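This briefing goes through one protein model by topic. The sequence and the structure come next, followed by the notes.

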Amino acid sequence: MLKFLSSMSVAELLTTLAAWGGLMLGIYNIWFERRLHKTRLRITPLISVMTDDKFRVTMTAAAIPSLTGEDREKVRRFGGIAVEIVNLSEFSVDIREVSFSDQQGDRRSPVRFLRFSAGTKEGKEFFNEDLFRFPIRLASHEAITGIVIDLHMNKDGFSKLLHWKFTKLRVETATRDAFSADCQTLLRFLERANRASDESSR
């Protein structure tokens, strides 16, 4: 390769570099153009915990090992599943359905989607029990977080979802693009919390 380059004149070398530069720029422009027109959502399953009658806090599966005994007691009593949906697209996207699904997305169970309001107080999100009405329009780079299942809504819900192997949270857009994220760790943790709640009440 070096021998080949050394045999070229300066003009030929500059022409070759310019050609390669044009090729790379063309590839980048194609990638960027496709990115501008591609629907992209980020789905993050969360544990939702009510701390009093009006506020909830959320945490990801990564936070489970560091929970204190007091935190675990709150999860046992008031824990549920939430999901954060972030529109990473360069345009608005309409969400037509949120559901639990199997790994392949062939079977799914649509869920009610309860709203988090935008307000915060002392670092906690104000919780409002209004349902989101589908379709939900998300502007470019807008995010929403909502409750999708709670212990008080369906006591045996976590065990049933695991039994049916509905271990993914799935979000479908109005254009039938589907995005999902695994929530099996959260479901198993909440199932154990639910079981502990039943045993302690006996």
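**Salt bridges and overall layout**

Glu172 and Arg170 form a salt bridge through their side chains, with N and O 2.8 Å apart. Both residues are buried: Glu172 and Arg170. The model is a predicted one, and its protein chain contains 5 helices and 11 strands.

**The chain as a whole**

- Of the 202 residues in the protein chain, 37% are buried.
- The protein chain has an accessible surface of about 12300 Å², and carbon and sulfur atoms account for 54% of that surface.
- When contacts between residues at least 6 apart in sequence are considered, 71% of them join residues at least 24 apart.

**Salt bridges**

- The structure has 9 salt bridges.
- A network of salt bridges links Arg96, Glu97, Arg108, Arg170, Glu172 and Arg176.
- Within this network, Arg176 is exposed, because its relative accessible area is 56% and the cut-off for exposed is over 50%. Arg170 and Glu172, also members of the network, are buried.
- Arg107 and Asp102 form another salt bridge, in which the closest N and O atoms are 3.5 Å apart.
- The two partners differ in cover: Asp102 is buried at 7% relative accessible area, whereas Arg107 is partly exposed at 40%.
- Side chains of opposite charge can pair when their charged atoms come close.

**Arg40 and its partners**

- Arg40 sits in the loop between helix H2 (10-37) and strand E1.
- A salt bridge joins the side chains of Arg40 and Glu90, with an N to O distance of 3.8 Å.
- Glu90 is in the loop between E3 and strand E4 (93-101), and Arg40 is in the loop between H2 and E1, so the pair ties together parts that are 50 residues apart in sequence.
- Arg40 is buried, because its relative accessible area of 18% falls under the 20% cut-off. Glu90, at 38%, is partly exposed.
- A polar side-chain atom of Arg40 also lies 2.6 Å from the backbone oxygen of Leu88.

**Strands E1 and E3**

- Strand E1 covers residues 41-50, and 9 of its 10 residues are buried.
- E1 and strand E3 (residues 79-87) run antiparallel and are joined by 9 bridges.
- One of the residue pairs is Arg42 with Val86, its bridge partner in E3.

**The hairpin of E10 and E11**

- Strand E10 (residues 168-173) and E11 run antiparallel, with 5 bridges between them.
- The bridge partner of Arg170 in E11 is Ser180. Arg170 is also the salt-bridge partner of Glu172.
- The hairpin has 4 residues between its strands, and Arg176 has a positive phi near 70 degrees there.
- Side chains alternate along strand E11 (residues 178-182): Phe179 and Ala181 point to one face and are buried, while Ala178, Ser180 and Asp182 point to the other and are not buried.
- In a regular strand the side chains alternate between the two faces of the sheet.

**Nonpolar core**

- The largest nonpolar core consists of 36 residues. Ile47, Ile81, Ile85, Phe100, Phe113 and Val148 have the most contacts inside this core.
- Helix H5 (residues 184-200) gives the most to this core, contributing 5 residues.
- In soluble globular proteins, nonpolar side chains tend to be buried together.

**Other local features**

- His141 has a positive phi near 65 degrees, although the residue is not glycine.
- The position of His141 is the loop between strand E8 (136-138) and strand E9 (143-150).
- With a relative accessible area of 48%, His141 is partly exposed.
- Gly157 belongs to helix H4 (residues 157-163) and is buried, with a relative accessible area of 3%.
- Gly157 and Leu187 are 30 residues apart along the chain, and their C-alpha atoms are separated by 9.3 Å.

Conventions:
Residues are numbered from 1 along each chain as its sequence is written. This is a predicted model: local features need pLDDT of at least 70, side-chain atom pairs count only at pLDDT 80 or more; totals for chains, interfaces and linings use all residues. Side-chain values use heavy atoms; hydrogens and water are left out. Buried means under 20% relative accessible area, exposed over 50%, partly exposed in between (1.4 Å probe, protein chains only). Helices (H or I, at least four residues) and strands (E, at least two) are DSSP runs, numbered from the N terminus. Two strands pair if DSSP finds at least two bridges between them. Contact means heavy atoms within 4.5 Å. Accessible areas come from the Shrake-Rupley method with a 1.4 Å probe; for residues, only the protein chains shown count as cover. A polar contact is a pair of N or O atoms within 3.5 Å; within protein, one must be able to donate a hydrogen and the other to accept it, and residues adjacent in sequence count only if both atoms are side-chain atoms. A nonpolar core is a set of buried Ala, Val, Leu, Ile, Met, Phe, Trp, Tyr and Cys residues joined through side-chain atoms within 4.5 Å. A salt bridge is a side-chain nitrogen of Lys or Arg within 4 Å of a carboxyl oxygen of Asp or Glu.
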